[in-house]
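Subject: Structure handover and notes

Dear colleague,

Please find the structure below, followed by my notes on what was found in it.

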Amino acid sequence: MSPFDLNVHPHRRFNPLTQEWVLVSPHRAQRPWQGQVELAPPEVSRVYDPNCYLCPGNARVGGTKNPEYKGTFVFDNDFAALLPDTPSGELREKELLLARSETGRCRVVCFSPRHDVTLARMEAVEIRAVIDTWCDEYSKLGSMPNVRSVQIFENRGAMMGCSNPHPHGQIWANESVPDELAREVTAQQDHFQRHKSNLLEDYLALEMEKKERLVCVTEHFVVVVPFWAVWPFETLLISRRRVSSLVELREAERDGLAKILRQLMIRYDNLFKAPFPYTMGFHQRPTGEAPFPEFQLHAHFYPPLLRSATIRKFMVGYEMLAMPQRDISPELVAAQLRDLPDIHYLRAK
Ligand SMILES: [Zn+2]
Ligand SMILES: [Zn+2]
């Protein structure tokens, strides 16, 4: 029998940020596909859509009218999952029935007044304006008395449950630190205790040395397909300087973030020559007085696609009951993303 080889043999990989495992089955990557075929999302060509509740000047569901905004535009979600004025309380019975009140805010951020663009099709200077808006919101929400964490994210594409193509994201601010972030905070603190160094800084140094999972490398940021990626085209964007939130980024770093976001989004669209669906979001330190010096700013990109613009990955069966699983290796995906052109396919025509 041949010696253990990550490119050939089934194995488990460990995610040090969440302390979870993923099963990798590289030998199955060529398996024939007979499952569901998703419809490729249609191209949006209208700059303004009179029926879009996010376009400038249009009325939203509650009747509020959007201003004729020219850049980014932020408002409280009309169907917010969290409310700022929830009465505080707790239910606790035999440590089996436990519930706590949760206050917070849910904001919507329109990235552009144009209905037909995406981050991939915006200029770096326009993405920079989105980053500045994220920073303002993180500061404002984070300084509110009942807010412990601010989650900035974007759901893109109908496949991710986002029915409105108008470029927009969301910001949810919570009274508690959500589980995913809490796990990563603890893991980074534990790593710092044990090694007197920063988890993601150490990981980034390893990836820069090995080079096989790098996707984009710039002066201030690096994008990799993480060693422990679950989704086929999952990537992780890491700040090269140790900062724990977007607001700590210097001017040049904010510009750098705009550029690398644009580069990654273009490569994603170029992969299948179609608008690429994903959930992306930044992980930043919990807000409040404590500094969290162990925490490193990063962003996760979770695209649902498997092998074409119309075939998606499902997390079912073994993955719901045991652990996530992937076929194609993160190294192969990184090589594929690394080789894609940096000019958007619609402009290259
Ligand atoms: Zn619109
Ligand atoms: Zn994270």
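Along the chain, the donors of the zinc ion (ligand 2) follow the spacing E-x98-H-x14-H-x1-H, where donors are N, O and S atoms within 2.8 Å of the metal (3.2 Å for Na, K and Ca), and since water is not among the atoms, sites may look incomplete. Within that set, Glu 184 in helix α2 (residues 179–195) and His 298 in strand β13 (residues 298–302) form a pair that links distant parts of the chain, 114 residues apart; helices (H or I, at least four residues) and strands (E, at least two) are DSSP runs, numbered from the N terminus. The zinc ion (ligand 2) is coordinated at 1.9 to 2.6 Å by Glu 184 (OE), which is listed twice, His 283 (ND1), His 298 (NE2) and His 300 (NE2). Glu 184 is buried, with a relative accessible area of 0%, and His 298 likewise counts as buried at 0%, where buried means under 20% relative accessible area, exposed over 50% and partly exposed in between (1.4 Å probe, protein chains only).

Please bear in mind that this is a predicted model, in which local features need pLDDT of at least 70 and side-chain atom pairs count only at pLDDT 80 or more, while totals for chains, interfaces and linings use all residues. Residues are numbered from 1 along each chain as its sequence is written, chains are lettered from A and ligands numbered from 1 in the order in which they are written, and side-chain values use heavy atoms, with hydrogens and water left out.

The zinc ion (ligand 1) is coordinated by Cys 52 (SG), Cys 55 (SG), His 115 (ND1) and His 166 (ND1), at 2.0 to 2.3 Å, and these donors follow the spacing C-x2-C-x59-H-x50-H. His 115 lies in the loop between β6 (104–110) and α1 (124–142) and His 166 in the loop between β7 (149–156) and β8 (168–174), so the pair ties together parts that are 51 residues apart in sequence. Both histidines count as buried, His 115 at 4% relative accessibility and His 166 at 1%.

Turning to helix α4 (residues 251–272), Asn 270 lies in this helix and counts as buried at 4% relative accessibility. Leaving aside its neighbours within four places in sequence, Asn 270 is in contact with Leu 340, Pro 341, Ile 343, His 344 and Tyr 345, contact meaning heavy atoms within 4.5 Å.

Best regards
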